[in-house]
Amino acid sequence: PDGIHLDNRSAFILLYGWRKKQKLGAHYQAGFSHADGTITLHNPNITYFGIKDLMREKRRKENMWFCMGLMIRKK
């Protein structure tokens, strides 16, 4: 996560795996970064205070065990 630099022209797709008890699953979310450094993910709508906050919360709340991202930057 430290090597990821988003600006307010960036959008991304986040694909991650989660674990709950004996179940494994995967989910994807679209996200946008804002000029103030926050990141909003959609489906559901949640705003995080940067990429470190996003990764920490996904690990804590959803027991994320893998994560891939595709960044889309407007020229």
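In this predicted model, the length of helix H1 offers a handy check on its geometry. The helix has 12 residues, and at 1.5 Å a residue these should span 16 Å; the C-alpha atoms at its ends lie 16 Å apart, so expectation and model agree. H1 covers residues 51-62, and asparagine 63, which follows the helix, has a positive phi near 50°.

Readers following along in the structure will find that H1 packs on the sheet, where it touches S1, S2, S3, S4 and S5. The direction of the helix makes about 20° with that of S1. Within H1, the buried residues are Ile51, Asp53, Leu54, Met55, Glu57 and Lys58. Charged side chains thus sit in this list beside hydrophobic ones, with Asp53, Glu57 and Lys58 among the buried residues. The packing partners of the buried residues of H1 are S1, S2, S3, S4 and S5.

The sheet itself is open and is built from 5 strands in the order S4-S3-S2-S1-S5, with antiparallel pairing. Its edges are formed by S4 (46-48) and S5 (66-73); each of these has a single partner strand, so one side of each is left without a neighbour in the sheet. From one strand to the next, the twist averages 25°.

It helps to walk through the strand pairs in turn. S1, made of residues 10-20, is joined to S5 by 8 bridges in the antiparallel sense. Here leucine 15 faces its opposite number in S5, methionine 68. S2 (23-33) and S3 (39-42) are paired over 4 bridges, again antiparallel. In this pair, glycine 31 is placed opposite leucine 41 of S3. The two strands make a hairpin with 5 residues between them, and in its turn glycine 37 has a positive phi of about 95°.

S3 also pairs with S4, to which it is joined by 3 bridges, the two strands running antiparallel. Leucine 41 comes up once more at this point, since it stands opposite isoleucine 46 in S4. Leucine 41 of S3 therefore has a residue opposite it in S2, glycine 31, as well as one in S4, isoleucine 46. S3 and S4 form a hairpin too, with 3 residues between the strands, and asparagine 43 in that hairpin takes a positive phi near 75°.

Key
Residues are numbered from 1 along each chain as its sequence is written. This is a predicted model: local features need pLDDT of at least 70, side-chain atom pairs count only at pLDDT 80 or more; totals for chains, interfaces and linings use all residues. Side-chain values use heavy atoms; hydrogens and water are left out. Two strands pair if DSSP finds at least two bridges between them. Axes are lines fitted to C-alpha atoms, for helices over the stretch in contact, and angles run from 0 to 180 degrees between N-to-C directions. Contact means heavy atoms within 4.5 Å. The expected span of a helix is 1.5 Å times one less than its number of residues. Buried means under 20% relative accessible area, exposed over 50%, partly exposed in between (1.4 Å probe, protein chains only).
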